[in-house]
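Please open the structure in a viewer and keep the sequence panel visible beside it. This tour proposes a series of selections and describes what is found at each.

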Amino acid sequence: MGRGRSDGEETKKRISEKAKQLFNQKGYGAVTMNEVCEAAAVSKGSLYHHFPSKDELFLHVVEEDTEQWREEWEKLRLSTSSTEEQLYALAEHYANDFQNPLLHSLEEYARSHIITEELVERLLRINDSNSQACRQVLGEGMERGDFAGGDLDRLVVLVSSLMEGLSKIYYMDEREREQESVRAYYRDAVRLLLEGIRAKPT
């Protein structure tokens, strides 16, 4: 029994990895389940056993990618010593994910689907990892007295929106920006942000 579960998990993992490569290369709409079967070397029956639909497969891939983003952030957070350093590290983490093809595939996916309540809930859970990272840094900064007190929920919305909004750089003229240039935009945003939320000497 254990062997069967292990084989099933390995198959699901291989399908997910191959599907991610395809979604990265082609976007959501252009990938077919037949291509996924061929890339993962599985039968249609096996594919649909693990993922009943292309939607389910894509959202699973995005959720796994989001979890990886969260785990990488946690390692970065633990390597910093102050909340200001954490905020800069978080901005850099966003910047490093700037050209993640799955983010653009997710936008395509959302535009092409009827947004049901169930889908909204799932997309919100995906987005929650990013907002929780902001909440953790900002909340700790307030507790330490590094950041001015205020409405944490409101500040989380503002800061996470700032970080996510900077991804619009992708759609500007210089599509192939150097990564360091992108990081500089995020660092500048944090500098401006800190001017407003840094606790003032009494």
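The stops below begin with the whole chain and then turn to single helices and residues.

**The whole chain**

Display the full chain as a cartoon, bearing in mind that this is a predicted model. The secondary structure comprises nine helices and zero strands. The C-alpha atoms occupy a box of roughly 70 × 45 × 35 Å along the principal axes. Of the 202 residues in the protein chain, 39% count as buried. Among contacts between residues at least 6 apart in sequence, 70% join residues at least 24 apart.

**The annotated regions**

Select residues 9–69 next. An unreviewed UniProt entry places the feature "domain: HTH tetR-type" here. This stretch is 80% helix and 0% strand, and its end C-alpha atoms are 22 Å apart. Now narrow the selection to residues 32–51, which the unreviewed UniProt entry annotates as "DNA-binding region". The shorter span is 75% helix and 0% strand, with its end C-alpha atoms 13 Å apart.

**Ser16**

Select Ser16, which belongs to helix α1 (residues 2–26). Is Ser16 buried or exposed? Its relative accessibility is 3%, so Ser16 counts as buried. Leaving aside residues up to four places away in sequence, Ser16 touches His60, Val61 and Glu64.

**Helix α8**

Select residues 152–165, which form helix α8. This helix has 14 residues and reaches 19 Å from its first C-alpha to its last, close to the 20 Å expected at 1.5 Å a residue. Show the side chain of Asp151, which caps the N-terminal end of α8. A side-chain oxygen of Asp151 lies 3.1 Å from the backbone nitrogen of Asp153.

Which residues of α8 are buried? They are Leu155, Val156, Val159, Ser160 and Met163. These residues lie on the same side of α8 because they cover an arc of only 120 degrees around the axis. In general, an α-helix has 3.6 residues a turn, so residues three or four places apart point the same way. Rotate the view to the other side of α8, where Arg154, Val157 and Leu158 are exposed. Then add the neighbouring helices: the cover over the buried residues of α8 includes α5 (83–96), α7 (117–144) and α9 (179–197).

**The nonpolar cores**

Select Leu87, Leu90, Leu138, Tyr186 and Ile197. Of the 27 residues in the largest nonpolar core, these five touch the most other members. The elements that give two or more residues to this core are α4 (54–78), α5, α7, α8 and α9. The greatest contribution comes from α9, with seven residues. A second, separate core has 23 residues, among them Phe23, Val62, Leu106 and Leu119.

**Leu87**

Finish by centring the view on Leu87, which is found in helix α5. Why does Leu87 count as buried? The reason is that Leu87 has 0% relative accessibility, whereas a residue counts as buried at anything under 20%. Leaving aside residues up to four places away in sequence, Leu87 touches Val137, Phe147, Met163, Val190, Leu193, Leu194 and Ile197. One of these, Met163, is also among the buried residues of α8. To end, draw a line between the C-alpha atoms of Leu87 and Val190: they are 103 residues apart in sequence and 7.1 Å apart in space.

Technical notes
Residues numbered from 1 in each chain as written. Heavy atoms only, no water. Helix = DSSP H or I, 4+ residues; strand = E, 2+ residues; numbered from the N terminus. Expected span 1.5 Å × (residues − 1). Buried < 20%, exposed > 50% of the residue type's maximum accessible area, 1.4 Å probe, protein only. Arc of directions from axis to C-beta. Contact = heavy atoms within 4.5 Å. Polar contact = N/O pair within 3.5 Å; in protein donor to acceptor, adjacent residues only side chain to side chain. UniProt positions renumbered as here; feature names shortened; annotations may be inferred. Core = buried A, V, L, I, M, F, W, Y, C linked by side-chain atoms within 4.5 Å.
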